[in-house]
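This report describes how two protein chains are arranged with respect to each other. Please keep the sequence and the structure in view while reading.

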There are 2 protein chains.
Amino acid sequence: MKAKVHVMLKNGVLDPQGEAVKHALGSLGFEGVEGVRQGKVIELDLADGTSEETINEMCEKLLANTVIESYRVELV
Amino acid sequence: MKAKVHVMLKNGVLDPQGEAVKHALGSLGFEGVEGVRQGKVIELDLADGTSEETINEMCEKLLANTVIESYRVELV
């Protein structure tokens, strides 16, 4: 089975990578870019029958820093 | 309007970050992790009426390295 984990910085946490992308898009002449946030997607190829609970545990322990990041698990 | 751009390494391109995550999950005792690929999500907050063509252009010029990465644009 496959699962996708989306990890984003929580609202209010400064995102320098996103800011850099925003400025770079401006420099390239793209107008109207009001905000950019950058996050991660982690695609997991797991043994069949792995529970969503186990995947959440992976997120809590390793994939996301839950102090500043939120995550969402999507089973594919 | 909002758009999400998903950027992943193409198949066949070595993904050391994904490999590191895979090994780390194994070390933490998670079994059955057969593969991990890591990519990026970029959430764009754009002026209303920005065309999908413009977003594709942003991807080609800045957001993705199309030699080794593929991207997918999702309008939210």
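Between chain B and chain A an area of about 2,600 Å² is buried, and carbon and sulfur atoms give 67% of this area. Buried area is the accessible area (1.4 Å probe) that two parts lose on being put together, summed over both. The structure is a predicted model, in which local features need pLDDT of at least 70 and side-chain atom pairs count only at pLDDT 80 or more, while totals for chains, interfaces and linings use all residues; side-chain values use heavy atoms, with hydrogens and water left out. Residues are numbered from 1 along each chain as its sequence is written, and chains are lettered from A and ligands numbered from 1 in the order in which they are written.

At the interface, 31 residues of chain B are in contact (heavy atoms within 4.5 Å) with 31 residues of chain A. The rule finds zero salt bridges across the interface of chain B and chain A, a salt bridge being a side-chain nitrogen of Lys or Arg within 4 Å of a carboxyl oxygen of Asp or Glu.

A turn of 180° and a shift of 0.0 Å along the axis lay chain B on chain A with an RMSD of 0.0 Å. The two copies are therefore related as by a two-fold rotation axis. For this comparison, copies are superposed by least squares on the C-alpha atoms of residues with pLDDT of at least 70 in both. Within chain B, the residue that comes closest to the rotation axis is B:Lys40, at 2.2 Å (C-alpha).

The two chains also share an open sheet of six strands, with antiparallel pairing and the order S3(A)-S1(A)-S2(A)-S2(B)-S1(B)-S3(B). Its edge strands are S3 (69-75) of chain A and S3 (69-75) of chain B, each of which pairs on one side only. Strands (E, at least two residues) and helices (H or I, at least four) are DSSP runs, numbered from the N terminus, and two strands pair if DSSP finds at least two bridges between them.

Two helices lie across strands of both chains. Angles run from 0 to 180 degrees between N-to-C directions, and axes are lines fitted to C-alpha atoms, for helices over the stretch in contact.

| Helix | Lies across | Angle |
|---|---|---|
| H2 (residues 52-63) of chain A | S1 (2-9), S2 and S3 of chain A; S2 of chain B | about 150° to S3(A) |
| H1 (residues 16-27) of chain B | S2 of chain A; S2 of chain B | about 125° to S2(B) |

A:Gly39 is found in strand S2 (residues 33-46) of chain A. Leaving aside neighbours within four places in sequence, A:Gly39 is in contact with residues including B:Gly39, B:Lys40 and B:Val41. A:Gly39 counts as buried (under 20% relative accessible area, 1.4 Å probe, protein chains only; exposed is over 50%, partly exposed in between) because its relative accessibility is 8%.
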